[in-house]
Amino acid sequence: MDFLLGWRVFPLLTLLASFLFFFYMKTSSKPSNSECSLLPHDRFWILSNNIVTPTGVISGAVEVRGGNIISVVNKENQQWKIKSNVVDYGDAVVMPGLIDVHAHIDEPGRTEWEGFSSGTKAAAAGGVTTLIDMPLNSYPSTVSEETLKLKVDAAEDKIYVDVGFWGGLVPDNAFNRSALEGLLKAGVLGLKSFMCPSGINDFPMTNASHIKEGLNVLAKYKRPLLVHAEVELDSESDSEASDGINDVRSYSTYLKTRPPSWEAAAIRELLAVTKDTRTGGPSEGSHVHIVHLSDTRASLDMIKGAKSSGDSLSVETCPHYLAFSSEEIQDGDTRMKCSPPIRDSANRERLWDALTEGHIDMLSSDHSPTVPELKRFDEGDFLKAWGGISSLQYVLPVTWSYGRKYGITLNQLASWWSERPAKLAGQDLKGSIVSGSHADIVVWEPDTEFELDDNHTAYHKNPSISAYMGKRLSGKVLATFVRGNLVYKEGQHAPVACGVPILAK
Ligand SMILES: NC(=O)N[C@H]1NC(=O)NC1=O
Ligand SMILES: [Zn+2]
Ligand SMILES: [Zn+2]
């Protein structure tokens with residue numbers, strides 16, 4: 001009897017065993033959490049004599065558990081001394097990880113320009129713990145629920161830092177409320193539009209009425225609209241340049257084709273609409289953010305005026321406008337071509353003033369790379385070359401290296417690169433070293449210098465096109481933590497990419 005029963009049960013057991021085996025194989029092929037981090041602890045203490053908190057720089061410890069900061073204590077508090085799992089960074093600076101609200105990751109569609117893996121590896125190596133991807137330069141552009149899904153799918157398992165997405169406001173969807181709501185409900189953190197041709201065919205420009213409509217929809221979701229504020233005006237230099245009177249290898253030829261009046265005119269037009277964002281206005285709850293301001297003459301005063309009238313308005317500039325000036329750009333050096341263009345050194349000084357005085361709210365990379373062929377180094381033609389600066393991995397050392405002579409502080413860096421960008425992107429749990437926040441942290445040495453030469457490891461695609469190649473910078477990133485995972489440590493990334501896509505709810 002027992003013998004017979006055994007023979008009946010045996011095939012069932014074999015079936016069960018093979019089922020269990022396949023189940024095990026399937027789950028064990030997924031990376032275990034420990035591969036997300038170069039530090040094998042869930043709970044640990046980060047020690048430093050220079051921890052940048054919203055209330056000042058302290059000497060002490062940051063306690064991390066389950067990816068969050070659970071306490072921040074002064075050195076006098078001896079609690080951490082009896083703990084294990086302590087990483088002591090000595091005098092290195094422990095700062096909130098940078099949040100780059102303006103990066104073009106060109107996957108899918110133009111992954112040879114920049115991809116999720118390469119771009120987020122560069123971000124991690126540069127201390128950027130979150131980046132928000134622009135809706136153009138990838139193909140297709142992120143202008144609908146469906147195209148957002150393509151982005152999120154492309155990012156899966158490839159991102160080393162957290163990545164959010166802006167959606168595009170284009171003429172096609174601007175008057176289609178349900179399409180825009182679909183895109184917002186699918187999780188874009190806000191919208192982005194251009195007031196001049198974007199250089200990308202499937203991302204056409206918008207006018208003030210498109211923007212007005214967009215703001216009205218954004219108000220319901222309390223999300224921002226980011227605007228590239230330049231409008232094309234006729235200028236005499238256009239015809240001169242195309243007639244060959246000016247040398248196309250000379251930066252001044254390009255500069256004349258995009259004068260400050262283009263920015264000023266766009267901002268004037270835009271500010272007629274941002275009135276809607278005021279308390280009691282038809283689009284209260286929405287917000288307008290002007291990307292990459294270059295002009296400080298007419299534009300800046302208008303922005304100051306609108307802010308003081310109660311418009312919900314903010315503005316960013318980028319490290320390349322703070323680091324370079326038009327006078328120093330060499331003939332044919334199209335790495336420096338971007339729009340709006342880098343202007344003269346007097347303008348650069350005024351940008352620094354505006355930033356340190358608080359009129360410019362934050363910084364972003366506008367990392368907008370391409371392939372070397374499109375930078376047209378052979379001809380050095382500023383009019384034909386792709387406009388966009390490649391910089392993602394270097395924004396922290398660049399801001400610091402060029403800002404030191406203006407006496408910038410670590411708290412200002414944290415405010416421009418983390419706290420205010422977190423607010424713009426609606427990321428309450430990011431951007432500050434405080435208890436309850438995500439443990440998104442960069443550890444770096446302000447005084448360590450390095451050369452961007454052939455020995456330097458760049459992680460983004462096509463490093464030769466970066467505007468900073470050949471420069472000597474100070475401020476070396478030692479370690480980058482994303483939600484408690486040590487994702488980068490001195491030339492090494494975590495084995496598995498465990499950044500997450502950030503989708504608004
Ligand atoms: N399409 C695109 O990335 N354009 C960007 N490049 C640049 O220099 N300014 C921009 O807006
Ligand atoms: Zn732009
Ligand atoms: Zn851009």
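How many bridges join strand β12 to strand β13? In this predicted model, where local features need pLDDT of at least 70, side-chain atom pairs count only at pLDDT 80 or more, and totals for chains, interfaces and linings use all residues, the number is 3, and the two strands, residues 287-290 and 313-317, run parallel. Residues are numbered from 1 along each chain as its sequence is written, while chains are lettered from A and ligands numbered from 1 in the order in which they are written.

Helices (H or I, at least four residues) and strands (E, at least two) are DSSP runs, numbered from the N terminus; two strands pair if DSSP finds at least two bridges between them. One pairing between β12 and β13 can be followed by eye, as H289 has S314 in β13 for its bridge partner. Both strands belong to an open sheet of 6 strands with parallel pairing, in the order β9-β10-β11-β12-β13-β14. β9 (167-168) and β14 (362-363) stand at its edges with a single partner strand each, so one side of each is left without a neighbour in the sheet.

Two helices can be described together with this sheet. A residue is taken as buried if 20 or more other C-beta atoms lie within 10 Å of its own, as exposed if there are 12 or fewer, and as partly exposed in between, with C-beta atoms placed from the backbone. Contact between two residues requires that their C-beta atoms, placed from the backbone, lie within 7 Å. Helix α9 (residues 260-274) has among its buried residues W262, I267, L270 and L271. The cover over the buried residues of α9 includes α6, β11, β12, α10 (298-308) and β13. Expected helix span is 1.5 Å times one less than the number of residues; for the 15 residues of α9 this gives 21 Å, and the end C-alpha atoms are indeed 21 Å apart.

Helix α6 passes the length check too: its 14 residues should span 20 Å, and its end C-alpha atoms are 20 Å apart. The buried residues here are H210, I211, E213, G214, L215, V217 and L218, and they are covered by elements including α4 (171-174), α5 (177-185), β10 (191-194), β11 and α9. K222 follows α6 and sits in the loop between α6 (208-221) and β11 (224-228). Although K222 is not a glycine, its phi is positive, about 55°. K222 is partly exposed, with 13 other C-beta atoms within 10 Å.

The largest nonpolar core (buried Ala, Val, Leu, Ile, Met, Phe, Trp, Tyr and Cys residues joined through C-beta atoms within 7 Å) contains 134 residues, and V62, V94 and V161 have the most contacts inside it. α9 gives the most to this core, with 8 residues. Neighbours within four places in sequence aside, V94 is in contact with I46, S48, N50, I51, V52, V62, Y89, I441 and V443. In soluble globular proteins, nonpolar side chains tend to be buried together.

Further along the chain come two hairpins that have β17 in common. Strand β16 (residues 472-482) pairs with β17 in the antiparallel sense over 4 bridges, and A479 has K489 for its partner in β17. This hairpin has 2 residues between its strands; R483, in the loop between β16 and β17, is a residue other than glycine with a positive phi near 45°. R483 counts as buried, with 26 C-beta neighbours inside 10 Å. β17 then pairs with strand β18 (residues 492-493), again antiparallel, over 2 bridges. K489 has Q492 for its bridge partner in β18. The second hairpin also has 2 residues between its strands, and E490 in the turn has a positive phi of about 35°. Of the 5 residues of β17 (residues 485-489), 4 are buried, so the strand is largely enclosed by the rest of the structure.

Two cis peptide bonds can be picked out. One, from E107 to P108, has omega near 0°, and P108 is in the loop between β6 (98-103) and α2 (116-125). The other, from Y139 to P140, has omega near -5°; P140 is in the loop between β7 (128-133) and α3 (145-155).

Finally, 13 residues surround ligand 1, of which C338, S339, S368, G387 and G388 come nearest; a residue counts as near if its C-beta atom, placed from the backbone, lies within 6 Å of the molecule.
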